Amino acid sequence: MRFSCEEIEPFTPFGFWKKLLSLLKDNLDTEPELQASINTVLAESRASRDSLRQLLVELAQRGKFLVLLVDDYDVALIQSQEYSEENMQQFLSECRNLAVHLEPKRNISIIVTSKKRLNDLGPRLNPNASPWYNHYLFRQIKPFDNTEIEQFLQPFLQPFNKPITTELQQAIGEIAGGHPSLLQIASFLLYQELRNTTSPQVEEFVREFESSTRYFFDNTWQRCNIQDQNLLMLMALAKLRGRLERRRYDLKDVDLIFTQNERNLTKLEEQGVIKRTPNNGNIAYLFIYLFIYFIIDGKVGNSGNLEF
């Protein structure tokens with residue numbers, strides 16, 4: 001069972017448990033008694049961790065297992081007017097308790113996705129208690145390689161029996177950078193184009209893709225702190241060899257700056273913003289293709305000084 005925390009607006013613990021129980025009810029067509037129990041809980045606005053705990057006990061008695069995939073979990077780690085730090089601490093404690101102390105606990109598995117490591121987010125830690133996130137096992141989702149990109153695109157191509165050109169396939173791999181979210185957007189656009197026309201032209205497709213992903217790059221930029229943004233602007237300028245319209249930047253110490261900011265670069269790589277590859281004994285820093293133009297167009301061109 002899967003849902004995104006972005007669907008809960010504004011995010012609150014009650015909204016989270018209500019969403020979870022509602023989806024669970026929709027997936028229990030063969031268990032009308034449990035569906036009736038969930039309806040009663042929802043009607044009485046009693047959706048909570050304890051409600052789910054009781055349902056899990058009943059599911060275990062029926063030999064059923066719940067796999068829960070929660071996307072965009074970082075939304076649950078941002079305070080708001082409706083969601084205080086105290087609310088957050090309580091919610092995270094309930095999630096930990098559900099994952100660690102539930103009996104029988106063998107019939108639930110919780111997987112969360114986040115745009116950043118959980119230990120970089122969330123509330124202040126209690127020095128007298130274990131970190132709230134230490135029961136999670138971190139796994140980085142890496143960019144797709146060319147073979148994986150081709151496999152990803154195949155289901156979108158099969159219904160039309162219209163092969164796309166090699167140039168377009170290469171362009172999709174380049175502009176999406178192997179990033180799963182961007183590939184999903186590219187695949188949707190490709191599906192739309194193939195449904196309405198023949199194989200799209202590369203230039204037109206790239207323009208459409210750029211327009212459809214502007215929000216993605218803006219959100220990515222906003223998630224970066226000032227130091228990360230400066231590093232990204234330096235990388236963009238390095239790609240232009242220090243030249244931007246009538247300006248010229250001295251980048252003679254840029255490699256030293258990158259070396260001094262290794263930790264920040266590692267985090268940017270984990271978030272899928274950049275890729276680092278060996279290059280003649282050095283490290284080459286690669287962008288998602290269109291992100292360079294987003295930074296140059298909206299950020300570097302309007303920037304004052306880059307400070308470290």
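## Close-up views of a predicted model

**View 1. Pro-10 sits in the loop between β1 and α1.** Helices (DSSP H or I, at least four residues) and strands (DSSP E, at least two) are numbered from the N terminus. The peptide bond leading from Glu-9 into Pro-10 is cis. Its omega is near -5 degrees. This is a predicted model, where local features need pLDDT of at least 70 and side-chain atom pairs count only at pLDDT 80 or more, while totals for chains, interfaces and linings use all residues. Residues are numbered from 1 along each chain as its sequence is written, and side-chain values use heavy atoms, with hydrogens and water left out.

**View 2. The whole chain holds 13 helices and 7 strands.** The chain has 308 residues, and 40% of them count as buried. Buried means under 20% relative accessible area, exposed means over 50%, and partly exposed lies in between (1.4 Å probe, protein chains only). About 18300 Å² of the chain is exposed, by the Shrake-Rupley method with a 1.4 Å probe. Carbon and sulfur atoms supply 46% of that area. Take the contacts (heavy atoms within 4.5 Å) between residues at least 6 apart in sequence: 68% of them join residues at least 24 apart.

**View 3. Phe-3 belongs to strand β1, residues 2-4.** Phe-3 counts as buried because its relative accessible area is 2%. Residues up to four places away in sequence are not counted in what follows. Phe-3 touches Ile-8, Phe-16, Lys-19, Leu-20 and Leu-23. Leu-68, Leu-69, Val-70 and Asp-71 also touch Phe-3. Phe-3 and Leu-23 are 20 residues apart along the chain. Their C-alpha atoms are separated by 8.4 Å.

**View 4. The largest nonpolar core has 36 residues.** A nonpolar core is a set of buried Ala, Val, Leu, Ile, Met, Phe, Trp, Tyr and Cys residues, joined through side-chain atoms within 4.5 Å. In soluble globular proteins, nonpolar side chains tend to be buried together. Phe-11, Phe-16, Trp-17, Leu-52, Tyr-73 and Phe-91 have the most contacts inside this core. Six elements are worth tracing here, each giving two or more residues: α1 (13-26), α2 (32-43), α3 (49-61), β2 (66-71), α4 (85-100) and β3 (108-112). Helix α1 provides the largest share, 6 residues.

**View 5. Phe-91 is in contact with several aromatic and other residues, among them Phe-11, Phe-16, Trp-17, Tyr-73 and Tyr-83.** Pro-13 and Ala-76 are in contact with Phe-91 as well. Neighbours within four places in sequence are left aside. A second, separate core has 21 residues. That core includes Leu-153, Leu-168, Leu-183 and Ile-185.

**View 6. Leu-59 is part of helix α3.** Leu-59 counts as buried because its relative accessibility is 4%. Beyond its neighbours within four places in sequence, Leu-59 is in contact with Leu-24, Leu-28, Leu-34, Lys-64 and Asn-107. Glu-31 is 28 residues from Leu-59 along the chain. The C-alpha atoms of the two are separated by 9.5 Å.

**View 7. Glu-85 lies in helix α4.** Glu-85 counts as buried because its relative accessibility is 19%. Gln-79, Pro-123 and Arg-124 are in contact with Glu-85, leaving aside neighbours within four places in sequence.

**View 8. Ser-45 and Asp-72 each show a positive phi.** Ser-45 is in the loop between α2 and α3. Its phi is near 55 degrees, in a residue other than glycine. Asp-72 is in the loop between β2 and α4. Phi of Asp-72 is likewise near 55 degrees. Asp-72 counts as buried because its relative accessibility is 16%.

**View 9. Helix α5 (residues 146-157) packs with helix α7 (residues 180-196).** Their axes are 9 Å apart, and the angle is about 35 degrees. Axes are lines fitted to C-alpha atoms, for helices over the stretch in contact, and angles run from 0 to 180 degrees between N-to-C directions. The crossing of α5 and α7 is right-handed (the near helix is turned clockwise from the far one by less than a right angle). From α5, the contact uses Ile-149, Phe-152, Leu-153, Phe-156 and Leu-157. From α7, it uses Leu-183, Gln-184, Ser-187, Leu-190, Tyr-191 and Leu-194. By class, the contact has 9 nonpolar, 2 polar and no charged residues. Here Ala, Val, Leu, Ile, Met, Phe, Trp, Tyr, Cys and Pro count as nonpolar, Asp, Glu, Lys and Arg as charged, and the others, Gly among them, as polar.
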